[in-house]
Every structure is written in structure tokens, then in C-alpha cells.
Amino acid sequence: MTVLEQPGAYRPAPAPAWQPRTDPVPLLPDSEPYRLLGTGADLDPGLLRTLYAHLVRGRRYNRQATALTRQGRLAVYPSSTGQEACEVAAALVLRERDWLFPSYRDTLAAVARGMDPAEALGLLRGDWHTGYDPHRHRVAPLSTPLATHLPHAVGLAHAARLKGDDVVALAMVGDGGTSEGDFHEALNFAAVWRTPTVFLVQNNGFAISVPLAKQTAAPSLAHKAVGYGIPGRLVDGNDAAAVHRVLAEAVERARRGEGPTLVEAVTYRIDAHTNADDATRYRGDDEVGEWLEHDPVALLERELAERGLFDDATRDGAHEEAEEMASLLRDAMNEDPVLDPMDLFGHVYAEKTTQLGEQAAQLRAELDAENDDQDGNGGNGGDGGHAGNIAGGER
Amino acid sequence: MTTATTGRSADRADGKKQAGSGAARKPATMAQALNRAMRDAMAEDPSVHVLGEDVGTLGGVFRITDGLTAEFGEDRCTDTPLAEAGILGAAVGMAMYGLRPVVEMQFDAFAYPAFEQLLSHVAKMRNRTRGALPLPITIRVPYGGGIGGVEHHSDSSEAYYMATPGLHVVTPATVADAYGMLRAAIASDDPVVFLEPKRLYWSKADWSPEEPEEVAPIGRAAVRRAGTSATLVTYGPSVPVCLEAAEAAREEGWDLEVVDLRSLVPFDDETVCESVRRTGRAVVVHESSGFGGPGGEIAARITERCFHHLEAPVLRVAGFDIPYPPPMLERHHLPGVDRVLDAVARLQWESEWTERPEAFGATGRGGR
């Protein structure tokens with residue numbers, strides 16, 4: 001008999017019963033990215049054609065916007081070339097009343113949702129910060145501070161649910177953004193509140209120059225979901241049909257009131273971070289070449305061809321429509337925007353403060369003096385030059 | 001020698017009881033008035049939602065949200081996970097969908113994780129969307145020292161907020177203002193950082209929750225004590241200090257005016273300058289550190305607008321330029337009555353000796 005077995009000996013009370021709050025196993029992502037193209041899966045031909053038209057249009061949009069940076073018509077453009085399947089699917093899985101929360105690389109998703117291609121580029125053109133009314137297409141402002149828009153998507157979805165509205169918010173972020181604190185806080189809030197939110201991480205391999213290996217030690221980004229008690233899904237981000245299905249399932253799950261989902265789409269940023277970046281400093285052509293072999297547009301073309309759906313009408317129709325979009329975009333962007341410097345003071349507060357009123361008056365006087373100078377010098381009356389783009393009246 | 005005139009009784013900020021104007025009025029604390037403001041706003045407007053850490057069952061660590069969850073349910077007054085960026089970020093999304101969130105940051109220094117949301121989104125959303133997405137969010141922040149708080153519990157963080165265009169920054173110093181200004185903040189279509197002076201939470205005044213008196217709108221300062229010798233420009237927790245200093249100054253022959261700014265942004269140049277032009281001298285008093293603090297901006301504004309009326313440089317009495325001290329040393333840091341009076345004594349009163357020598361006695365100190 002040991003001391004502890006003697007009658008009256010001290011025994012520590014057993015700890016209160018513990019069990020996991022959630023069974024983690026169903027939350028785990030697949031062991032490899034989910035794919036549909038090339039698997040012989042049952043797929044809707046209409047959806048495949050729609051996705052194809054959008055991908056071709058999206059590829060053309062990226063090319064056109066990049067060209068506009070070289071012509072000085074855009075200040076900067078973070079291209080989503082190679083990631084079009086994610087951009088397009090994210091927009092197509094949403095209903096009209098749902099909300100999209102894009103990051104700065106997701107202009108294409110806003111366009112795929114129906115926004116005017118030129119209007120979507122306001123931020124990157126530089127004539128204002130958000131060039132569109134977010135309410136019109138229910139697209140939040142493109143967010144440049146990484147992951148900071150994710151809590152907004154959670155809050156909006158939460159508010160909609162409190163009001164009894166059937167609204168899902170889908171938020172987009174990159175692999176680098178998953179390291180930010182706001183990513184963590186957003187997922188945690190969404191999980192605790194069970195908000196109808198879908199988080200789409202486009203893992204395109206790089207945060208500007210930093211590869212994923214320096215970003216995380218997680219088995220996959222999708223695995224992070226388990227820590228929040230929500231399902232993580234891993235999908236091939238270049239397989240448009242697969243991304244569409246996984247996101248659609250997540251959206252429907254959210255709509256049913258079953259809470260948020262984290263989706264990691266594995267893809268690749270074919271272009272540099274932006275036109276101002278030099279990708280040759282941090283990655284080799286071999287790697288890019290491998291991913292070009294797994295191009296989202298080519299994958300879908302191959303699938304359509306194998307199913308006998310890739311006829312001339314499908315291909316030519318998609319390309320003609322894309323060229324038309326590009327032409328309209330060029331025309332729109334080649335027009336100088338009409339700028340009113342007095343706008344700088346118009347939207348800071350609901351009503352201008354006294355101080356902003358004084359500062360507006362100062363700028364107004366400076367502009368008037370500039371105009372007087374031009375008139376006095378026999379100026380061109382606002383025809384051409386920078387001053388020509390400046391509207392006269394205070395708004 | 002002019003006699004000091006006190007401000008309206010209901011505006012007393014020094015916690016001393018004044019003769020009540022109505023039989024139904026009882027002493028109420030600032031904490032009660034803040035609580036009542038949220039309760040009334042929630043009852044009046046179903047889009048008002050309160051969220052924060054411990055605001056639900058507990059009623060907040062200062063009990064400012066006491067009873068709101070019981071009355072309105074967890075969907076209206078919600079305990080959140082412990083993450084300030086998440087709280088404010090979620091509030092942004094809620095406001096985008098038409099709600100009117102009132103966010104509680106538990107303590108001044110615990111609001112810092114929410115800075116990116118505040119600076120990059122809350123302050124800018126209206127502007128970056130040309131007015132399409134206004135964010136009517138009230139961010140309540142208990143601030144300031146004097147409560148014996150250990151590290152990270154006593155910061156005066158107003159300068160950070162003031163330096164951010166797009167925010168309103170207000171702070172009440174009276175019970176009536178606590179109610180009236182919080183109602184105004186919640187009703188505002190702009191984001192308002194609502195700084196609550198912790199050490200005034202339990203200050204009392206005759207105030208009726210059934211008949212809360214009208215207060216001046218956000219953006220207006222209030223003259224809490226009329227005077228003629230010099231103007232003390234102050235706000236929040238330093239208002240009672242300045243009122244006490246003004247009483248003590250009578251012994252020295254100074255009749256000090258005390259201006260309670262109430263609203264740091266928008267700033268009421270008109271009231272401040274009207275006072276300083278009349279008195280010819282000004283001291284700015286606040287707990288926040290002096291260097292880069294609100295006092296520098298205020299002194300510059302006064303100097304730019306009142307230069308020819310000034311008999312002396314605008315002086316500042318501020319917290320030292322040090323991290324907030326441990327509680328056993330904080331009394332040396334906080335601007336007190338003596339430090340305020342020392343500053344007043346340095347307001348170049350010599351100019352009066354030469355202009356009106358007959359008005360001054362042998363001590364050389366005197367008022368107007």
C-alpha cells in the first residue's frame with residue numbers, strides 16, 4: 001500500500017470533464033486541391049460556357065489594364081493574370097443582394113459582378129479613391145490595407161442576419177494577407193457569431209516577393225480554418241469549375257445559417273506584383289513556365305473541347321466580346337477625367353467644419369488666381385493642359 | 001477687483017452639488033448619464049447596437065453599459081471576442097449595412113489595436129466613396145489618469161485621434177454633457193471618438209434622466225466660468241482642475257475664465273478666440289503630454305488669431321513628455337491646481353504695471 005492509497009490521504013480532485021468544443025475532423029480540408037476539370041465529373045455545359053466567356057474577358061481585361069499603365073492612363077495595376085478563375089467564380093456565385101469585399105488585386109471580380117470596367121479602375125487611375133458607389137453592385141471599396149476589409153465583411157453579414165435579410169458576404173484576400181491580425185480576428189468573429197461569410201484566400205505563391213514558405217508553417221492556409229472551428233476547403237484555383245463549385249457550396253452553407261467557410265484556392269500570379277515590380281529578382285522562368293502549363297483559360301478550353309463544346313461560335317464569341325470590352329475601356333480611359341479640386345473638402349465630414357471651409361476658400365482663391373493668370377496671358381480658355389480638366393464651381 | 005461669476009449651475013464640472021433647479025432632480029453621476037444616453041438611443045432607434053468587451057452580462061468594466069443587454073437583448077448589446085480591430089472592423093461592416101454601432105474600447109491604451117481600422121477605414125470611408133458610405137460609428141474610449149490605474153490604463157490618447165482627418169473627437173466634462181454629447185455622437189452621421197474621462201465617471205451633478213437638459217452641439221465650446229484676467233482653455237478631466245484653480249486664483253487677485261472645449265474636432269475657434277481677445281492671456285491645460293499634444297495646436301491657433309490681443313505668450317500646462325507614470329507617482333505628472341497657477345503667474349503681468357501702475361499694490365500681483 002502506497003501513501004496515497006491509505007484512507008484519508010490527499011487526492012487531487014479530478015479536473016472538470018473536458019471535451020473538444022467541435023469535432024475537428026469534418027473541418028479539415030482535402031489532402032490535395034479539389035479539382036473538377038479533367039476528372040470526367042458531371043458538369044453543367046451552360047456554366048462551363050459562361051465561365052469560359054468570363055475568363056477570356058478577364059484575361060483581356062488584365063492585359064488591357066496593364067497596357068494602360070504603360071500609356072500613363074493608370075497609376076498602377078496589380079494584375080490578376082493567371083488568377084482569373086478565382087476572380088470570376090467569386091463574382092458568379094453571389095446573388096444580386098449579396099456583397100463582395102475585394103482586395104486591391106480583385107478589380108476583375110468587381111467587373112465580373114457587373115461593374116463598369118472603367119468605373120472599377122478609379123482607385124488605380126487615381127482620380128478618386130473608390131471610383132464607384134459600393135451600394136450599386138454591392139461591392140465594397142477595393143481594400144489596399146491587407147485583410148482589413150475582412151472584419152467589414154463579417155460585420156455586414158452579421159448586420160444583415162440581425163435584420164433578417166438573406167445576404168452573404170464573400171471576402172477576398174491573398175496568401176500574404178493571412179498573416180495579418182485582421183485575418184485572424186475576422187475569422188474568429190465570423191465563427192463565434194456564425195455569420196454568413198465566405199473567405200476566399202487566393203494563394204498565388206507570393207506576397208510581392210516573399211514566397212509562401214516564409215509566410216506560414218501551416219500545412220495549408222485552409223487548415224487555419226480548423227483553429228476557428230469552421231470548415232476549410234482547399235481547391236485548385238486555376239480550375240474554374242472547381243472554384244465555382246466550392247465557393248457556391250460555401251455560399252449556400254452560409255445562406256442556410258451554418259456559418260462561415262475558409263476557402264484556399266491554390267493559384268499563381270503570372271505577372272509581377274504590379275507594373276512597378278520586377279519579378280525576375282525573386283523567381284525563375286521555370287516556375288512561371290510550369291504554371292503557364294496549368295493556365296485557367298487553357299484548362300477550360302481543353303475541357304470544353306473534350307466535351308465537344310468548344311466550337312468556333314463559343315471561342316469567337318468570347319474573344320469578340322472581350323475585344324469590345326477592351327475597346328470601350330480604352331476609349332473611356334483615354335478621356336481625361338474631369339477633376340474638381342474642391343471635391344477634396346466635400347466628403348470629409350457630413351458637413352464641412354469651419355476650418356475645412358476656410359481651407360476650401362483658400363484653395364478656391366488659389367485656383368481663381370491661376371485662372372486669372374491664364375486669362376491674362378491670353379490663355380487657351382481651359383482647352384487642353386491640366387487646368388483644362390479642372391471644373392469651375394465648388395460642389 | 002471683479003467678482004468671479006460661476007457658470008450655470010447644471011454645468012458645474014467640479015462635482016460639487018449646486019442648488020437644484022427642480023424638485024425631481026437628484027444627484028446623478030456621469031456614468032449614469034452615459035448609461036442612460038445609450039439606453040435612450042437604443043430605445044429610440046433600433047439601428048443602434050452596442051458592442052465591445054464585457055459590455056453584456058457584466059455591464060462593462062466601468063458599468064457604463066449596465067442593464068443594456070438585459071433590456072435590449074444580446075443582439076443589441078453584444079459581448080465580442082477580445083479583439084479591438086475585430087470589434088471596430090465589424091462595426092464598419094455593420095454601419096455599411098445601415099446600423100449605428102456604438103463601440104466600447106475598454107481602456108484608452110487597449111484601443112490601439114483598432115488604430116488601423118480607425119485611421120484607414122473609419123476616418124476615410126465617407127471621403128473615399130464620395131459620401132456613398134458614411135460610417136455613423138461612435139467609439140467610446142475611457143481615457144486619462146488619476147484613478148490609480150496600473151500601466152496601460154491611464155493614457156490620454158486624444159492627440160492621435162485629433163491628427164486624423166475624418167473623425168470627430170469629443171470629450172464631456174459635465175454630467176449634462178455626458179448625456180447630451182453621447183446622444184449627439186450616436187445620432188451623428190460621422191464617426192465620433194467619444195473620450196470619457198475616467199476619473200469623472202463618479203462625479204455628480206443635479207441632473208434628471210427624465211428631463212435631460214439641452215446641451216450645445218458637437219463643435220461648440222462652453223465657458224464654464226466667466227472671468228477677465230486670463231483664459232484657461234481645457235477639456236475633459238482637466239476642467240474641474242481648472243475650475244478649482246480659478247477659485248484659488250481669486251486669492252491672488254486673478255479672475256480666470258475657464259473654457260471647456262468639449263469638442264476637440266471640430267474645434268471651436270470662435271468661442272476660444274472671443275474669450276482670449278477679451279482677457280488677453282491664455283493657458284492651455286491638459287493631461288496629455290505636451291510635446292506634439294493638443295496644447296501646441298491650440299496655442300498656435302490662438303496666437304494666429306489673437307496675436308494683437310495677447311499680453312503674453314500662450315502657455316501650456318500638460319503632462320510631462322514621459323510614458324504614463326505608475327500610480328504611486330501619477331500625482332506628480334497630472335496638471336494640478338498649483339501647476340496651473342504657476343503658469344498663470346508667468347503670463348507677463350508686468351505689462352500691466354507699466355500701463356496702469358496705480359492699479360497695483362506693492363506685491364506686484366494683480367488682476368485687471
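How many of the 368 residues of chain B count as buried? The share is 56%. This is a predicted model, and what follows describes its chains A and B.

## Chain B overall

Chain B holds 13 helices and 15 strands. Take the contacts in chain B between residues at least 6 apart in sequence: 80% of them join residues at least 24 apart.

## The sheet of chain B

Seven strands of chain B make an open sheet with mixed pairing. Their order is β4-β3-β5-β6-β8-β7-β13. The edges belong to β4 (77-79) and β13 (263-265) of chain B. Each has a single partner strand, so one side of each lacks a neighbour in the sheet. Direction ignored, neighbouring strands are turned by 20 degrees against each other on average.

At the β4(B) edge, strand β3 (residues 48-52) of chain B runs parallel to β4(B), and three bridges join the two. One residue pair can be named here: G52(B) has D79(B) in β4(B) as its bridge partner.

## Helix α3 of chain B

Helix α3 (residues 84-96) of chain B lies across three strands of that chain: β3, β5 (100-104) and β6 (138-143). Its direction is about 170 degrees from that of β5(B).

α3(B) also packs with helix α4 (residues 115-122) of chain B. The axes are 8 Å apart and the angle is about 25 degrees. Angles under 35 degrees count as roughly parallel, so α3(B) is roughly parallel to α4(B). From α3(B), the contact uses A85(B), L88(B), G89(B) and V92(B). From α4(B), it uses E116(B), Q117(B), L118(B), H121(B) and V122(B). By type, the contact residues are five nonpolar, three polar and one charged.

## Loops of chain B

Two residues with positive phi sit in the loop between β3 and α2 (68-72) of chain B: D54(B) and R63(B). Neither is a glycine: D54(B) has a phi of about 65 degrees, and R63(B) likewise has a phi of about 65 degrees. D54(B) counts as partly exposed because it has 17 C-beta neighbours inside 10 Å. R63(B) has 15 such neighbours, so R63(B) counts as partly exposed too.

Another loop, between β13 and α9 (269-279) of chain B, contains P266(B). The peptide bond from V265(B) to P266(B) is cis, with omega about -5 degrees.

## A buried aspartate, D177(B)

D177(B) belongs to helix α7 (residues 175-187) of chain B. Is D177(B) buried or exposed? D177(B) counts as buried, because 26 C-beta neighbours lie inside 10 Å and the cut-off is 20 or more.

Leaving out residues up to four places away in sequence, D177(B) touches P172(B), V215(B) and R262(B). R100(B) is 77 residues away in sequence, and its C-alpha is 21 Å from that of D177(B).

## The sheet of chain A

Chain A has an open sheet of five strands, paired in parallel, in the order β1-β2-β3-β7-β6. β1 (99-101) and β6 (232-236) of chain A are the edge strands. Each has a single partner strand, so one side of each has no neighbour in the sheet. The twist from one strand to the next averages 20 degrees.

Inside the sheet, β2 (residues 169-174) and β3 (residues 197-203) of chain A pair in parallel over six bridges. L170(A) has V198(A) in β3(A) as its bridge partner. Helix α2 (residues 84-92) of chain A packs on this sheet and touches β1, β2, β3 and β7 (261-266) of chain A. The direction of α2 makes about 170 degrees with that of β3(A).

## Helix α11 of chain A

Which residues of helix α11 (residues 296-306) of chain A are buried? They are P296(A), V297(A), L299(A), L300(A), E303(A) and L304(A). These residues span an arc of only 160 degrees around the axis, so they lie on the same side of α11(A).

The cover over the buried residues of α11(A) includes α1 (45-70), α2, α9 (240-255) and α12 (312-334) of chain A. After α11(A) comes G308(A), with a positive phi near 70 degrees.

## Where the chains meet

Contacts between the chains involve 33 residues of chain A and 34 residues of chain B. On the chain A side, α5 (134-137), α6 (150-162), α7 (181-193) and α14 (354-376) each supply at least two residues. The largest share, 10 residues, comes from α6(A). By type, the chain A side has 17 nonpolar, 13 polar and three charged residues.

Technical notes:
Residues numbered from 1 in each chain as written. Chains lettered and ligands numbered in written order. Predicted model: local features only at pLDDT ≥ 70, side-chain atom pairs only at ≥ 80, totals over all residues. Helix = DSSP H or I, 4+ residues; strand = E, 2+ residues; numbered from the N terminus. Buried ≥ 20, exposed ≤ 12 C-beta atoms within 10 Å, placed from the backbone. Contact = placed C-beta atoms within 7 Å. Nonpolar A, V, L, I, M, F, W, Y, C, P; charged D, E, K, R; others polar. Pairing = 2+ DSSP bridges. Axes fitted to C-alpha atoms, helices over the stretch in contact; angles between N-to-C directions. Parallel < 35°, antiparallel > 145°, perpendicular 65-115°, else oblique. Arc of directions from axis to C-beta.
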